[in-house]
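User: I would like to go through this model with you, from its helix packing to its sheets and its ligand site. Could you begin with the convention behind the words used for helix angles?

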Amino acid sequence: MDTILQFKNLYYYYQTNNKKSTLLENVNFTFETGCFYSILGPSGSGKTTALSLASGLDNPKEGHVLYKGKDIRKIGLDKYRNKYVSIIFQSYNLITYMTALQNVVTAMEITGVNIKDKKRRALELLEMVGLSEIEAKRKVLQLSGGQQQRVAIARALSCDVDLLIADEPTGNLDEKTSDEIIKLFKELAHKENKCIIVVTHSQEVAKQSDKVVYLEQRNLVCKNL
Ligand SMILES: Nc1ncnc2c1ncn2[C@@H]1O[C@H](COP(=O)(O)OP(=O)(O)OP(=O)(O)O)[C@@H](O)[C@H]1O
């Protein structure tokens, strides 16, 4: 296992009506490849905020986020998001008037993936997450919630990055579909050596992960369930 992402002396706070609220306080945490992490913690404790910092969507107030030892601000947040990290949102953020296939191909075009036959690769990825070619050619809105989440995962994988970050990826899914998605995350970590970081409220998801991380007292702490 190699270190892929590090939080170094990380602080995040915000100010409302002259009152300072601190969500993350001097957090030091290392994420490794080949490992599937779940992050748990009370509502409002700052889990999504921590993911936003890890994925370069926001900046820490103090401290650093390092990707393979390099501060992501030095890499450039746009470049980091484009080339090194994939984010899966609970609300999928798919382009609904396009087919599943078009969504994945479009993502590959935007991120400049160096593959000639993008359509073929997209179909392979969609098949890998359990969508047939017929389903892949359906408009996103004609797919179920679970199928849309699979499209979002295939799209995240199409960029072929080592770091996958997901915010409540199974929040809208039934138990069976959720299990299948989690199984897929485990395979990606263990067989393809990716680092998967998932924020969840689900104990079931946490049980399946390699490392359970709690956000408590403004810090990240590894714990057994
Ligand atoms: N820049 C900011 N300005 C104002 N409020 C903020 C800011 N950043 C975070 N917050 C607030 O801090 C709290 C923590 O947010 P966050 O979404 O990270 O928590 P969470 O642990 O993911 O919660 P949940 O489990 O409910 O999704 C929220 O109430 C949010 O509105």
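Analyst: Angles under 35 degrees count as roughly parallel, over 145 as roughly antiparallel, 65 to 115 as roughly perpendicular and the rest as oblique. Please keep in mind that this is a predicted model.

User: Which word describes how helix 4 and helix 5 lie to each other?

Analyst: Helix 4 (residues 100–111) and helix 5 (residues 118–128) pack with their axes 9 Å apart and at an angle of about 120°. Angles of 65 to 115 degrees count as roughly perpendicular and those over 145 as roughly antiparallel, with the rest, outside the roughly parallel range, counted as oblique. Helix 4 and helix 5 are therefore oblique.

User: How many nonpolar residues does the contact of helix 4 with helix 5 have?

Analyst: Helix 4 passes helix 5 in a right-handed crossing. The contact is made by Ala100, Leu101, Val104, Val105, Met108 and Glu109 on the side of helix 4, and by Lys118, Lys119, Ala122, Leu123, Leu125 and Leu126 on the side of helix 5. By class, the contact of helix 4 with helix 5 has three charged residues and no polar ones, and the nonpolar residues number nine.

User: Which word describes how helix 4 and helix 7 lie to each other?

Analyst: Helix 4 and helix 7 (residues 145–158) pack with their axes 9 Å apart, and the angle is about 25°. Angles under 35 degrees count as roughly parallel. Helix 4 and helix 7 are therefore roughly parallel.

User: How many residues of the contact of helix 4 with helix 7 are polar?

Analyst: Helix 4 passes helix 7 in a right-handed crossing. The residues making the contact are Ala100, Asn103, Val104, Ala107 and Met108 of helix 4, together with Val151, Ala154, Arg155 and Ser158 of helix 7. Of the residues in the contact of helix 4 with helix 7, six are nonpolar and one is charged, while the polar ones number two.

User: Which are the edge strands of the open sheet formed by six strands?

Analyst: The six strands follow the order 6-7-8-3-9-10 in an open sheet with mixed pairing. The edge strands pair on one side only, and they are strand 6 (85–88) and strand 10 (219–223).

User: Which residue of strand 8 stands opposite Tyr37?

Analyst: Strand 3 (residues 36–40) pairs with strand 8 (residues 195–199) in the parallel sense, over four bridges. Helix 8 (residues 175–192) lies across strand 3, strand 7 (163–167) and strand 8, and runs at about 150° to strand 8. In strand 8, the residue opposite Tyr37 is Ile197.

User: Why is one side of strand 2 and of strand 5 left without a neighbour in the sheet?

Analyst: The open sheet of four strands is antiparallel in its pairing and has the order 2-1-4-5. Strand 2 (19–32) and strand 5 (70–71) have one free side each because each stands at an edge, with a single partner strand.

User: What angle does the direction of helix 1 make with that of strand 1?

Analyst: Strand 1 pairs with strand 4 (residues 62–67) in the antiparallel sense over five bridges, and Tyr11 stands opposite Glu62 in strand 4. Helix 1 packs on this sheet, where it touches strand 1, strand 2 and strand 4, and its direction makes with that of strand 1 an angle of about 125°.

User: Which element gives the most residues to the shell around the ligand?

Analyst: The residues around the ligand include Tyr14, Thr16, Lys47, Thr48 and Thr49. Strand 1 (3–16) and helix 1 (47–54) each supply at least two residues of the shell. With three residues, the element that gives the most is helix 1.

Note on methods:
Residues numbered from 1 in each chain as written. Predicted model: local features only at pLDDT ≥ 70, side-chain atom pairs only at ≥ 80, totals over all residues. Near = placed C-beta within 6 Å. Axes fitted to C-alpha atoms, helices over the stretch in contact; angles between N-to-C directions. Left-handed = near helix turned anticlockwise from the far one by under 90°. Contact = placed C-beta atoms within 7 Å. Nonpolar A, V, L, I, M, F, W, Y, C, P; charged D, E, K, R; others polar. Pairing = 2+ DSSP bridges.
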